[in-house]
Amino acid sequence: MTIVPVNRRTFIKSSTAVTAGLVLSPAIIGRAEAATLKLKCSSSLPNDPKFANGRVYYDNLVKNLKGNGLGEQVEVAFFPDNQLGQEIDVINSVKLGVIDLMVSGSSISANLTPLVGTFDLGFLFSSFPQQTKAFESGAAKPIEDALLKGSNIRIIAWAYNFGSRSVFAKKPVKTPEDLAGLKIRTLPNPVITECLRLMGAAATPLAFGEIYTALQAGVLDGLEHDPPTILASKFFETAKFYALTQHNFSPLAIYFSDMTYNRMDPKLRDGFLDAAKKAAADTRAHGLAVEKEALAALTEKGVTVAECDREAFKKRVAPQHENFIKARPDSKAVIDIIRATQA
């Protein structure tokens with residue numbers, strides 16, 4: 001297991017030099033693959049082995065690589081807590097092959113391939129198990145194909161964020177009227193931003209690494225995220241009210257650079273991908289179990305967790321689906337599969 005603290009500027013400089021060397025010296029690639037293959041895996045979340053999905057996935061990956069007999073052949077270095085930069089920078093580095101793996105929600109890649117934003121539509125999924133059934137029925141493939149074609153990024157597998165996204169704020173929120181004027185952080189993603197705007201908030205896109213200080217400074221009134229992330233990131237120190245809007249069951253993606261994929265020896269690659277997919281399944285099971293535990297822990301830390309008028313929020317967001325289909329007709333087949341899938 002390798003969890004590395006790193007200076008971002010030093011990392012980018014050294015990675016650029018390594019990438020240039022690989023391009024100029026094909027023989028080096030062969031020698032590197034004959035020895036231990038070293039990969040870099042990034043996550044924006046803290047290095048929490050229980051409540052942070054990136055670390056949980058990484059631990060499962062290491063375990064399954066050993067189970068597949070690849071523990072000595074593949075070494076994955078894990079960089080949590082935005083060590084390699086904000087997510088928008090990291091996803092671009094995965095596209096360029098500078099970073100090999102990234103564990104993050106689907107939302108960040110919609111900045112590169114807008115069709116991925118289909119999964120960010122408010123109240124699209126009813127639960128994570130329903131999401132998995134929809135993906136198995138074909139809803140994920142058009143998204144995966146578009147991301148690979150447009151951005152040179154593969155989806156190894158889909159996991160779960162550790163709970164649905166709900167509104168966490170400095171005041172109670174029960175109705176859309178309660179959200180009016182509140183500056184709620186959203187991902188830098190136009191679909192999620194629009195969802196929160198329709199719900200009534202003053203949606204405020206902001207990089208994940210800037211949330212805590214923005215809450216402290218009063219730049220934000222809250223954010224929308226899942227319970228374990230709020231717990232692991234200690235956002236409960238800055239706000240105390242969690243409204244269970246459950247407006248988004250955001251899928252967790254295991255992003256893999258196509259450049260890394262193509263330079264791997266096929267036999268080693270097959271074993272690696274098998275281990276990576278098993279790790280995603282293990283992470284899904286962990287995520288379902290840990291959401292309730294995180295909610296209980298937040299309550300113990302003084303957070304008021306409350307139900308809200310979810311139907312009122314859902315009604316407000318309903319036009320977003322049809323408007324999205326009009327703007328991106330290729331999303332209709334994906335949305336139809338999801339709507340037809342029962343949990």
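In the classes used here, Ala, Val, Leu, Ile, Met, Phe, Trp, Tyr, Cys and Pro count as nonpolar, Asp, Glu, Lys and Arg as charged, and the others, Gly among them, as polar. The structure is a predicted model. This report describes its second largest pocket and its largest cavity.

The second largest pocket has a volume of about 190 Å³. By class, its lining holds seven nonpolar, one polar and three charged residues. Thr 132, Phe 135, Glu 136 and Glu 144 belong to this lining, together with Ile 155, Ile 156, Ala 157, Trp 158, Ala 159, Tyr 160 and Arg 284. At least two lining residues come from each of helix 5 (128–139) and strand 5 (153–160). The greatest contribution to the pocket lining is that of strand 5, with six residues.

Turning to enclosed space, the count comes to one cavity of 30 Å³ or more. The volume of the largest cavity is about 160 Å³. Its lining comprises 17 residues, and those nearest the cavity centre are Glu 87, Ser 104, Gly 105, Asn 161 and His 225. Strand 4 (residues 101–105) gives the most to this lining, supplying three residues. Six residues of the cavity lining are nonpolar, eight are polar and three are charged.

The table sets out the two linings by class.

| Site | Nonpolar | Polar | Charged |
|---|---|---|---|
| Second largest pocket | seven residues | one residue | three residues |
| Largest cavity | six residues | eight residues | three residues |

Key. Residues numbered from 1 in each chain as written. Predicted model: local features only at pLDDT ≥ 70, side-chain atom pairs only at ≥ 80, totals over all residues. Heavy atoms only, no water. 1 Å grid on protein atoms, 1.4 Å probe; cavity = no way out; pocket = protein on both sides within 12 Å on 5 of 7 lines; lining within 4 Å. Points joined across faces, edges and corners; volume = space filled by probe spheres on them. Helix = DSSP H or I, 4+ residues; strand = E, 2+ residues; numbered from the N terminus.
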